[in-house]
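User: I have a model with several chains open in front of me, and I'd like to learn how to read its contacts. Could you walk me through it?

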Amino acid sequence: MSAKASNDNLTQNLLQRAAPSRAEFEDLVIVPIFAVIVALAVGALVMLATAVDLPTIGRSYIALLQGSVGSLNALSETLTAAAPLVLAGLGLALGFRAGLFNIGAEGQIVIGGLAAVIVGFSFAGLPWFVHLPLALIAGALAGALYASIAGWLRAATGAHEVISTIMLNLISYRILDYVLRQPFIQREGRADPISRSVLDSAELPQLLAWIDPNLRVHAGILVVIAAVVVVHWILFRTKIGFEFRASGKNLDAARYAGMRASFTIVAAMASAGALAGLAGANQVLGVLDRASPGFSAGIGFDAISVALLGRSHPVGVLFAGLLFGALKTGGRQMQVDAGVSVDLIGIIQALIIVFIAAPLLVRAIFPWGFRKPQTEPNE
Amino acid sequence: MDVELRGITKRFGPIVANAEIDLDIRAGEVLGLLGENGAGKSTLMNVLCGLYTPDEGNIIIDGKPVTFDGPGAAIAAGIGMVHQHFMLVPVFTVAENAILGIEPTKQVDYLDLAAARQQVNEIGDRYGLQVDPDARIEDLPVGTQQRVEIIKVLVRSADVLILDEPTAVLTPQEVEEFFGIVRSLRDAGKAIVFITHKLDEILEISDRITVLRGGRVTGYGDPKTLTEQRLAEMMVGRPVRFDVDKAPYNPGDLLLEVRDLTVLRANDEIAADHVSLEVRSGEIVGIAGVQGNGQSALIEAITGLHRPVDGTIIFDGQDITNVSVRARHAMGMAHIPEDRQRTGIIGDFTVAENMALNSYYDERYAKGMSIVWPAVATHAADYVADFDVRTPSVHAKASQLSGGNQQKLVVARELSRDTKLLIAAQPTRGLDVGSVEYIHGRVVAARDEGDGVLIMSSELDEILALSDRILVMFKGRIVAEFDASKQPVDRNAVGLAMAGSAPRAAA
Amino acid sequence: MSHTMQYLKGVAIAATFLIGSAVTASAFTACQVTDTGGIDDNSFNQTAWKGIQDAQEQLGIESRFLESQAETDFMPNINSLLGGQCDLIITVGFLLGDATQEAAQANPDQYFSIVDFVYDPPIENVAGQVFATDEAAFLAGYLAAGMTKTGIIGTFGGINIPPVTIFMDGFVRGADYYNAQKDASVTVLGWDVEGREGLFTNNFESLDDGRAFAQNLYDEGADIVLPVAGPVGLGSAALADELGIDALKIIGVDADLHLTDPEKGHVYLTSILKRMDSTVFQVIEATMNDMFEGGVIVGTLENSGVDLAPFHDMEELVPDDLKAEIKTIRQGIIDGSISVSG
C-alpha cells in the first residue's frame, strides 16, 4: 500500500464517529429520568409528613398523570403551559451556552408581551397574516432590546448580568404598571392597569377549537417548534453559534481565537431576550388576549429550571418544558381530585432540579441504573 | 526508612497504568524516577501515597508489608509528597501553611503559632531550608514556595519524600540551590524519590535511576555510567535526536518590528517596559527569561490579546498596534499560546472544532452564516494525520487527548494555515521527549520555509536549541541579546542574564 | 430500564386499588376558583370558600377548589373544572371577569357564579354577586373619624378596581360625613374619591407591601388604617401589633379579621364585612333547587350582605355616643335618608 493510500485510510478512520458513550447516555437521559422519579417519591414523603393519607397520595399521582396527559383537554393544557416555558427556556439555554447566566427572562417576557399586546390591539384592519407576525416580531424585538441593556452593561462596564437582569426584572414590572395606565393602552372603563384586548387578527388562533372550544392549545406551539429548530441551527450550525459556545466554554480561548467578546455577549443576550419576548408575545396573543400586571406569572423563573433540566440543549429544553407544563397542568387535577395543594408541584419541580444538580446522589440511590463507577487515570 | 514496592499492578478499566512494578527506595539515597507523560509515574506515586489501592502487589516498609487505606495512613507511615502544583494557601503565612491540618493547639482550640514558628525554624536550620515563618506565601518567589512545600512534608515527620517534577518552575540558578537542599536531606538520612523527565537533572542528582515506559519498568541504571542518549532511549523506546537540523541562517525581510512597547498588568504594574525587537523572515528569535518577567505580556500585546499603553507594533509593513486579533490572524500571524489548557484549546469541544477554532469563518469552513461541519471534519482529519496528533477520531473531545497531543493539535491548527510569522509561547512545556522533538522539528521547518518565528520559553535548553538570536528579558526589559546563528551561545552567560546579573552582552 | 418500568407499573397498580373505593358519586358539587392570594387568605377567597363549606355542612354537597397562583391560571383552572364534574363553578374576584365570561359563553350548559363582577348585558348562565360595600365602609369611615387621635386616618388598596375602591369611597365619605356633622377636620390619606387615584400595592399577595404601605401612612400621621387588599392587610396588622394599638389600629375587610386572624386579632378596630359566604350559599341553594338565575345578586346593609363587625377587644375603647351615632346612621342608610354615594 502506498503512503498516500495509507494516509487516506487513516483519515477515513479519523472521520468515524464513536457511538455516544454510556457515560453520556447516563448523564443526559438516565439521571434526569431518575431525578424525576426520586422527586415524585420525595414529594409523596412530603405529603405523608403533612398528614396526607396513602390513598390520597395514590389518587393525587393518578390525577397528576390524568390531568397532564390523560385526555385531549389535558394534553392541550400541557402544551399551552409548556409553550412559553420552552420559548423562554430556549433563550436562557442560549445564554447559558454563551456563558451568560441570564436571570432576566421574566423582565424580557414582560417587555416582549407588552410590545406584542400594543401592536396586537393597534392596526385594526390589517389581515391576520400581516398583523400576527408583526405582533410576534414586536415582542421578540422588544425582548431583545431589553435584554441587550444587560448585555451592553456587561460588555461595556463589566457589570455582572445576574445583578443587572434581576434589576431589569424589577424595573420591567414598574414599566408595565405605568404603561398599562396610559390612556391609549388602558382598557376603556377600567381604572386598574389592564390593556385593551388584542384584535382577532393578531391572535394566535386556537388549533383544536373545531373539536371543542375549551381546547386552548394555540398556534404558539408551532412557533415553539420553529424556535427549537432555529435555536438548534444557530447553536450548532452557524458561525455565531460557534462563537457563543466557545465563549461559554472558555472565554480566554475565544478571545485568543479572535472572537469579539463584547459582540458575543450582546448578541447572545439579545437572542435570549428575543426568545423570552416571544414567550411573552405567546402569552398575550395566545392565552390572555391582553396584558395586565403579573401576566408573566413567574414563567421567566420556571424557565431557568427548564433550561437547566434540558441541559441547555434545544431538544432537552423542549422535553423539560413539556415536563414542567405537564406538572403544572397535572397539579391542577391533583388539587381538584385529591385536594392536595398545587404548592406541592413547586416542591417537586425544585426537587427535580436538586437531583439533576446532584447526579452523584441519584447514582447512589439507583446504583443498578449505572455502570460501575471507574476512577479515571489522572495522568 | 526503606520502602520496597513489589509487583505493583494498577488497572483503570481496560487500561493498565502500572504493570508488575518493583521499586526500591532506600534511606540516604536519591532515586530518580524517569518516564514520559503517561508512563505511569504519577499512578505509582499515588499508590505509594495511599491515594490508590494497588490491584496486585505489596508495599513493604522496613521489611514489613503494609496496606494504606488512604493518604492519612501513608503520611502516618512517614511518606510525604511534594506536588508539582503547590498546595498552599496564598494568604496564610509560612508557619500557618506548614501546620495546616495538624495545628498544634493549647486549651480551647487556641492555635499555638509560636510552636509552629519554632518548628519551621528548626527544620530550616537542620536542612538548609531557611524561610521567614511569618512571610505570606503570596509574597514569596516560586522557589521559596517550593521550600515551604518541603517544610510542610518534613513537619509531618516524613522519612520518604516524593518530589514530583520539582524543577519545572525554577530558574537554572534556583535549580542549583534546590539540588543543594535535596542533597542535605539525603545526607540527613531521608529517602528521596525524584520524579522528572529532564535527563540532565536526573543524571546530576540521582544515586540510582529507574525508568518507566507504558506502565512497566524498562530499565535500572547507575547515573555514573549512563548517558542522556541511553536514558532517552529507555524512556521513549527508540533512539532520540536532541540536536535540531536547521538550514543555514539566511534571514529575509523584516517581518515584525516592535518599538518601545509598554504593557501593563491588570494591577497597573509595568509588565513590559519599552521593549523593542525585530523578527525577520527565515529566522527564529528566542526570548529567554524566568517566568514573570514580562514575556507573557509582551507576547499577548504582539498577538492582540492585550492592549499596550505605549509603543508600536509593525507587522509586514503595517501598524497593527490597535488591530483586532482576527485581523492579525488574517495577515498571517500564527500563535501557539502559552497555556494550551486555558487558551489554546476548548477541552469540551471536539478535535475538529478545535482545529477550526480561529478560522471557522474562512472559506475552507464557512458558507454564509453556517459552518460546513463535514468540511471542518475532513480538513481536521488531514491535519491530524499530517501532524501526528494521536486521537481515535476527530470527533473525540480535545480534553481526552494527552498534553502532548493537545499541543500538537494547537501546532497543527496554527501551522496548517498560510502563515508568515509564528509566535510560540512555551511550545513544549510539560511535554515528553518525543513530542518535544516533533514540535521542535515543525517549528524549525516553518523557519526553513521562510516564516519568521518568535519563540518564548522559560526552558533555556529549548531557547538554545532553536534560536538564531536570543533576547533575555528581566523585569520587563530586554537586558541582553546573543547571536546564536554562527556558534553556540554560552549557557552560563544567558543564565546569568536571566537572573538579572549580567552586563549587557554585545551581540 | 426494565426495572424502572416494573417499578412504575407496581406503583400504578397499587394506587389504583387504593383509590378504587374512595370516589363516590355525589348529588351536587360546587367548585371554586380563587383569585391569587390563596384559599386561606383570611379574607376574600376564604370568605367565599366559607359559603361553600357552609353549604357542604347544611346541604350535604360536595366541593372542590382550585387556587390560582397567577393570572395565567384563571383560564386553565376554570377549564379543568369543566366537563360535568361541577354543578356550579364559583369564580372569586373581579379579575376573573374575562376568564369567566369566556368559559361561560363557550359552555352555555354550565352554571357559573362570579363574586364582584357584573356583566352588562347579563350572561344567562352566570350569577354575579356584588356588594354595596360602601354602605358598611361609610360606617367604618365615620367610626374611624370619631376614634382618631391624630385627626388623620388612612387607606390603601390592592388594585384600582371597583370592588376595592368601593370600600375606599365609603370610608372617605363616612369620614367626610363625620366632619360635616361635627365640624371636625379629620383627613383621609390614600384615596381621592373625585380623581379616582390613591395608594395601591398592585397585588393581592405581598404582606411586605402591606407592612410598608401602613408604615408610610403611619409616618404621615395616620393612627387608623384600612387596607383593602385581602391578605396584604395582614402585613399591616403585624406592624400595628408591633407599634401597639394606641399608635395604630387596623380596620379589616371582607371577613371579621378579629376572628380569622386570631394572633393579631387585637389590632382590629372593626372589620367591614362583605358576606360573600352568605351570597355564595344563596346561589348554591338556588342552583340545587333548580332556581338558578343569571344576573346579579346585591349584598346590602339591609339584607346583611355587608355589615360592620363587632368591636370585640375594643368594645371598651369606643365611646357609647359614637356607637349610638353609628347605629342611627346605619338606619339612615337602610331607609335611604343618608346617601353613601356623596
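**Reading the interfaces**

Analyst: Sure. Across the interface of chain B and chain A, 19 residue pairs are in polar contact, both residues being at pLDDT 80 or more. Keep in mind that this is a predicted model.

User: Which parts of chain B supply the side that touches chain A?

Analyst: The elements of chain B that each give at least two residues to that side are helix H1 (41-48), helix H10 (325-331), helix H11 (340-344), strand S18 (370-371), helix H13 (373-386) and helix H14 (403-415). H13(B) has the largest share, with 7 residues. By type, the side of chain B that touches chain A splits into 24 nonpolar, 18 polar and 8 charged residues.

User: And how do I read the size of an interface?

Analyst: People often quote the accessible area lost when the parts come together. Between chain B and chain A, about 3500 Å² is buried, and carbon and sulfur atoms give 59% of that. Three residues, Tyr360(B), Met369(B) and His395(B), supply 15% of what chain B buries against chain A, more than any other three. The contact takes in 50 residues from chain B and 33 residues from chain A.

User: How many salt bridges are there between chain B and chain A?

Analyst: The rule finds 4 across that interface. For one to look at, try Asp252(A) and Arg342(B), whose side chains meet at 3.0 Å, N to O.

User: What does the contact of chain A with chain C look like in the same terms?

Analyst: Start with area again: about 3300 Å² is buried between chain A and chain C, 54% of it from carbon and sulfur atoms. Chain A puts in 37 residues and chain C 35 residues. Here you'll find 6 salt bridges and 14 residue pairs in polar contact, with both residues at pLDDT 80 or more. Several helices of chain A give two or more residues to the side that touches chain C, including helix H4 (72-97) and helix H11 (261-288). H13(A) gives the most, 6 residues. That side of chain A is made up of 15 nonpolar, 9 polar and 13 charged residues.

User: Can we zoom in on a single residue there? Is Asn79(C) buried or exposed?

Analyst: Asn79(C) counts as buried because its relative accessibility is 4%, and the cut-off for buried is under 20%. Asn79(C) sits in helix H3 (residues 74-81) of chain C.

User: Which residues does Asn79(C) touch?

Analyst: Leaving out residues up to four places away in sequence, Asn79(C) touches Asn73(A), Glu77(A), Asn214(A) and Arg216(A). Its side chain reaches the backbone oxygen of Asn214(A) at 3.0 Å.

User: Do the same ideas carry over to domains inside one chain? I'd like an example.

Analyst: Take chain B, where the domain assignment gives domain 1 (3-236) and domain 2 (254-332 + 418-498). The centres of these two domains of chain B, taken over C-alpha atoms, are separated by 34 Å. Domain 1 of chain B has 10 residues in contact with 12 residues of domain 2 of chain B. Together the two domains of chain B bury about 880 Å², 55% of it on carbon and sulfur atoms. Asn37(B), Pro172(B) and His197(B) supply 37% of the area that domain 1 of chain B buries against domain 2 of chain B, more than any other three residues.

User: How many salt bridges link domain 1 of chain B and domain 2 of chain B?

Analyst: The count is 0. Polar contacts between these domains of chain B also come to 0 residue pairs when both residues must be at pLDDT 80 or more.

Technical notes
Residues numbered from 1 in each chain as written. Chains lettered and ligands numbered in written order. Predicted model: local features only at pLDDT ≥ 70, side-chain atom pairs only at ≥ 80, totals over all residues. Heavy atoms only, no water. Helix = DSSP H or I, 4+ residues; strand = E, 2+ residues; numbered from the N terminus. Buried < 20%, exposed > 50% of the residue type's maximum accessible area, 1.4 Å probe, protein only. Contact = heavy atoms within 4.5 Å. Polar contact = N/O pair within 3.5 Å; in protein donor to acceptor, adjacent residues only side chain to side chain. Domains from an automatic or database assignment. Buried area = accessible area lost by both parts, 1.4 Å probe. Nonpolar A, V, L, I, M, F, W, Y, C, P; charged D, E, K, R; others polar.
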